[in-house]
Amino acid sequence: MCGIIGITSTKQVSSTIINSLKKLEYRGYDSAGIATLYDGFINEVKCEGRVDSLEKNVSKINLLGNVGIGHVRWATHGKPNTVNAHPHSSETVSVVHNGIIENSTILKKFLVEKGYKFKSQTDTEVIVHLVTDYLKDNNLKDSILKMLKKLQGSFALGIIFKDQPDLIVGARRGSPLAVGYGPNENYLGSDSYALKSMTNKISYLDDGDFCIIKKDQVDFFDSKGNKINKKVLKLSSNEQNYEKGDYKHFMAKEIEEQPTTIKNCVNEYIDKINNEINILNFPWKKNEISSIKLIACGTAYHSCLIAKYWFEQLTLLDVEVDIASEFRYRRNRFKTDCLYIFVSQSGETADTYAALDLCNKHKMKTCSIVNVVESSIARDSKLVFPIHCGPEIGVASTKAFLGQMLVLYILCLKIGYLRKDLDKKKYNLKIKSLLSLSKLVSNSLSTENQIQSICNSFTKAKGAMFLGRGYSFPIALEGALKLKELAYIHAEGYPAGEMKHGPLALIEDGMPVVVIAPRDEYYKKTISNMQEVIARGAKVLLITNKSDEEIYSENIWEKIEIENTEEDLFPFLTTIPLQKLAYYSALKKGYDIDKPRNLAKSVTVE
Ligand code: F6R
């Protein structure tokens, strides 16, 4: 999704801006641009496509300037082309923008009537002309305040001014924005990751704030224009995790990293000596919570669906799961004895953040499970549980999904035990099993050759189905999502028992169907459903666990066996072949695996 970088310095800034834009590439984008101030003029270079092309264009003209802003754009208003790429500039100002201006049509009409000419189809250009207009009769700060008052929607902005040779304005409403501090230079960035390459000292803008950044001074203001102070935070430095190493794609690396990330996360939460879960800072008493609501989007939502099964099996709590974009607009019955849990890898997903914000405004008990601990969702939750995965760069979430499931499972065990829904013996046994999870995941990774030959049938198919029952049903949804987003193959995940109520009509000769059926309490029922699709011509890939028990079904096309373990832990293992199936199908089709079309890593618009 869109990304912003701004630098004001004593040095030339264009190459540093380009390098920082490269760090933002993982978010997913379709065009890029940069504007600098030099000799009293704003100079702009933009292009459709990758930052590499922008870099070539910038070096051709030797773009000079000590102040500049850069942007990668993920199109919302207007096609992804050079004209619509950011920055957008008038003679006086240049603007980069993340988010959506919801009242841009009305503002455009007003500005056109005043004589302003629009070059692009974007909503951003109204900001350019509004600021240009206000600057005619107001000082810089008042012009910004007036412009911000006019805008509806969510946004993060970076603005430079022809007549202010060392200054950048940043403003935030909804979309994240941070300021970085360097020696004789300061920075603006939509992402701490992009700023990390330049500094480890940053401050975050809160909703409604704006800032004026000079190379040796930064001033922050609230939405009324009052000066405010900001904490300077220190970022941890783990730069090496951002490299692909010998892997062809970040996704391949991130799949292989899963045994390590599981191990790290287990080490963070499990006290091996006392066989205990280290969650000591729980701010609520056990009788203050009688239900749980899990809220997330996409893959993170699937982790919540699985957690519902765990919470229902191991605790007596009522558990509901909700898609954040639905939750935020529903007439919710907020309950003070409910724990609202928000799950997000990036911690910046606009819908998940809005759902959290809504719960905070209703003074609910909120906690989040995130990968990026400096993120907005983490900062605004009362309690945060990191998943300790390290940076996930591939757009399709893999290791973060396992991390989300793991923390949800650990939380479920701890809450179940504290409430006495789970007895000590069972609690201790389950903790012990977690200690072997990393090894089990590692053993489930070695399916390369088999999957590479299987995926031929998927790449040629019109569509595919993924079936499961119990906690294998959300895994089916996740397998289908991965195949769709990476290999652009239409796929549906379905509860196996629901096929006969409609989707069975889709099954025809040779259609690939993945059946996820480890030997758990649902196994026999799922195998019966599998036979129903085989009888109608489906080519079934069965994912089950290793066992001496015979499978009573004929004509299974292919079988992948994961390690045997206790039922609760099967979802961690059945996921892995599905990640690989999507990866190799996309590889075979020659697609851009780490940056699938139309998608973004951090979804900061609703
Ligand atoms: C799919 C995928 C997305 C994300 C979703 C939420 O592979 O990665 O569905 O899970 O966009 O993102 P986060 O977890 O950052 O809130």
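Two strands count as paired when DSSP finds at least two bridges between them. Keep that in mind as you look around this predicted model.

**Stop 1: the sheet**

Select strand 5 (88-89) and strand 6 (residues 93-101). They run antiparallel and are joined by two bridges. Within this pair, look for His88, which stands opposite Val95 of strand 6.

Now widen the selection to the whole open sheet. Seven strands make it up, in the order 5-6-7-8-12-13-14, with antiparallel pairing. Its edges are strand 5 and strand 14 (227-228), each of which pairs on one side only.

**Stop 2: Thr124**

Next, select Thr124, in the loop between helix 3 (104-113) and helix 4 (125-135). Is Thr124 buried or exposed? Its relative accessibility is 1%, and buried means under 20%, so Thr124 counts as buried.

Show the surroundings of Thr124 too. Apart from neighbours within four places in sequence, Thr124 is in contact with His86, His88, Val95 and His97. You have already met His88 and Val95 as residues standing opposite each other. With His86, the contact is a polar one between the two side chains, at 3.3 Å.

**Stop 3: helix 14**

Move on to helix 14 (residues 424-434). Which of its residues are buried? Colour Tyr427, Asn428, Lys430, Ile431, Ser433 and Leu434 to see them. Then add what covers these buried residues, which includes helix 8 (258-269), strand 16 (270-271), strand 17 (276-277), helix 9, helix 13 (399-418) and helix 15 (437-443).

Before leaving, zoom in on the start of helix 14. There, a side-chain oxygen of Asp423 comes within 3.2 Å of the backbone nitrogen of Lys425.

**Stop 4: the ligand**

Finally, select the ligand and the 15 residues that surround it; the closest are Ser344, Gln345, Ser346, Thr349 and Glu485. By class, this shell has five nonpolar, eight polar and two charged residues.

Which helix gives the most to the shell? Helix 9, which you saw among the cover of helix 14, gives the most, with three residues. Both helix 9 (298-314) and helix 17 (472-487) supply at least two.

Try displaying some distances from oxygen atoms of the ligand:

- Ser346: 2.7 Å to an N or O atom in the side chain.
- Lys482: 2.7 Å to an N or O atom in the side chain.
- Ser397: 3.0 Å to a polar backbone atom.

To finish, switch on a surface: the protein covers 90% of the 410 Å² of accessible area that the ligand has on its own.

Note on methods. Residues are numbered from 1 along each chain as its sequence is written. This is a predicted model: local features need pLDDT of at least 70, side-chain atom pairs count only at pLDDT 80 or more; totals for chains, interfaces and linings use all residues. Side-chain values use heavy atoms; hydrogens and water are left out. A residue is near a molecule or strand if one of its heavy atoms lies within 4 Å of it. A polar contact is a pair of N or O atoms within 3.5 Å; within protein, one must be able to donate a hydrogen and the other to accept it, and residues adjacent in sequence count only if both atoms are side-chain atoms. Accessible areas come from the Shrake-Rupley method with a 1.4 Å probe; for residues, only the protein chains shown count as cover. Helices (H or I, at least four residues) and strands (E, at least two) are DSSP runs, numbered from the N terminus. Ala, Val, Leu, Ile, Met, Phe, Trp, Tyr, Cys and Pro count as nonpolar, Asp, Glu, Lys and Arg as charged, and the others, Gly among them, as polar. Buried means under 20% relative accessible area, exposed over 50%, partly exposed in between (1.4 Å probe, protein chains only). Contact means heavy atoms within 4.5 Å.
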